[in-house]
Amino acid sequence: MSDAPPAAPAALRPRLDATAYQALTDAARRDPKRYWRKEMGRLDWIQTPNEIFDDSKGWFADGKLNASINCLDRHLKQRGEQTAVIWQAEDRDTNLHLTYRELHARVCRMANVLRHQGVKRGDRVAIHLPSVVEGIVGMLACARLGAMHVVLFGGFSAEAIADRLADSGAVLAITANVGRRGAKRIPFKVTMDAALALRPDALAVRTVLVVEVTDDPVPMQAGRDLLLAPLLADASTECAPESMNANDPLFLLYTSGSTGKPKGIVHGTGGYLLWAAYTQEMVFDHQNGDIFWCTADIGWITGHSYVVYGPLANGGTVLLFEGMPSHPGPGRWWEVIQQHKVTTFYTSPTAIRALMREGDDVPARYDLSTLRVLGTVGEPISHDAWAWFDDVIGQKRCALVDTWWQTETGGIMISPIPGAVKEKPASATLPLPGVRPLLLDEKGYPIEGAGEGILCLDGSWPGHALTIWQDDALFKTTYLAPYPGHYFTGDGARRDEDGYYWITGRVDDVINVSGHRIGSAEIEDALAADHAIAESAAIGIPHDLKGQSIVVYLVPRHENADGLAERAMKIIAAKVGRYAVPEIIHIVPDLPKTRSGKNVRRLMRKIACGEREGFGDLSTLADPGVVKVLIEIVNRGDKK
């Protein structure tokens, strides 16, 4: 293990200026095949593709490569002793620096263990772990063998895990005895055992490998369960990688917040890896010496692309943090940035809002001078949160990239580029070179110039998902059929006179009141300007006369919320219009959100409509108990 301090952070010396950005955009639009032929040189290919893109074959169809070679082996000669991963435990005094050489050895050991357990090319391997190094190692080991990793978020219930194991047909699972979350212990192994017991005849899991995160007891089932550490100790540090076709699946990832049958998004090897590397370098101005911290769990696509594949393909150093933002006290994240000299910090608006509530004096205690690029992801960010992130954390000297993309796109699609695209607070700004967004009206006709409509994408891009696992028809129906010839994102957007895009929320979060289409994000952004309001969520419910009426759930920043609802209505009337004033405002202590920070509007809509059951799986919520609280508040008629 390397004890050497990380290299001094590089200054913000952007590769691109506005002229270069426009030249790349024009080149990608004029001759996309030529553009991506040049860009594919970012990767090391076992067989260099001649075919760049074909509608029926996809991207780089005749190319061969291996993702783990690109993230590890090719860096060994020049970067073997450079730190690849910094793991910071919840305990302040415990951290681990793994060089590229050490990470390569660990991945080979893990791959050999998996191979010895019968895992082969094309198999699916479930990874159900907290934020420990073994998660990254497991993903890259699967890639080395040509097996598909299926990373399962640690907050899933046993039922949710069982559904995903059954759908994926995973033959092996890697889990932990427990996960640490503040003072709590999360029973990973017990949950996995319960999942496997739910459908003994429908699951293909033969072996469960257990990571001992702590010395807590581990319930083991003879003949199925094995402790991982002894197996790794006996395994070789050399493992020959598989040569994979560019369109062989790299991983299967289930989208969060869905109901009914899980929807597994499949990403390929060559196109996805190129897109992760391309976007990570371009959007975050990646430079030698960077310490890149993306706070996302690897159970989500953000963790896949910007904790693992993008930074490591680019030979960077990533930080993996086990702990929570404010444990054991406020300021823990800022302490981590100071301790490890983080240069790039990528997090969610939800996290930013929570950190804002702690006060400006908390981050002021720490040295954040190494930061040069800040990023947000997951949902539209409000003007208030953007300004705080820029002023208090970035100290008005950092680039701030507000990124828009989806699980299905594989990586960032619309974002500022440091030095090339001027930021506008709360705007995702302009598309990356090679991305062609467009706005359509409800009839599918393009909207030219400034306007608001349905956000679609024209053409393809290397990170485009291959399909939905075992349901290609659903993939085509969901994304390609609604607006033939275009990829349907499901999001609405507004484009200003400069061509900048502002994401207005999911199309099903657009509320139609007497013919007025009102984006929930538009209302929430207006309310976020009031410092007495911590956050809000606007939803539409059926109305006999208007079609829909607006209900707002409002979380106050302070205990005394007297008069806040009335003030909120005045703000909405002034900033959005009288037609957008809600009929009901519920003052609530919190909103139901997934662990990845997304508000679960379907729950709020059901509760506002008087439904009290049939909520589906609540295990993906950061705090399932908030549902009961909201029901009680609505039942009491606590409304303004």
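**Helix faces and confidence in a predicted model**

On one side of helix 2, Arg34 and Lys38 are exposed (over 50% relative accessible area, 1.4 Å probe, protein chains only). This is a predicted model, in which local features need pLDDT of at least 70, side-chain atom pairs count only at pLDDT 80 or more, and totals for chains, interfaces and linings use all residues. Residues are numbered from 1 along each chain as its sequence is written, and side-chain values use heavy atoms, with hydrogens and water left out.

User: Within what arc do the buried residues of helix 2 fall?
Analyst: In helix 2 (residues 32-39; helices are DSSP runs, H or I, of at least four residues, and strands are E runs of at least two, numbered from the N terminus), Tyr35, Trp36 and Glu39 are buried, that is, under 20% relative accessible area. Their directions from the helix axis to the C-beta atoms define the arc. These residues line one face of the helix because, seen down its axis, they fall within an arc of 90°.

User: Which elements do the buried residues of helix 2 pack against?
Analyst: The contacts in question are heavy atoms within 4.5 Å. The packing partners are helix 1 (18-30), strand 2 (58-59) and helix 10 (270-283).

User: What is the relative accessible area of isoleucine 511?
Analyst: Isoleucine 511 lies in strand 26 (residues 510-513). This residue is buried, with a relative accessible area of 2%.

User: What is the mean pLDDT of the chain?
Analyst: pLDDT is the predictor's confidence in each residue, from 0 to 100. A value of 70 or more is reached by 96% of the residues, and the chain mean is 92.
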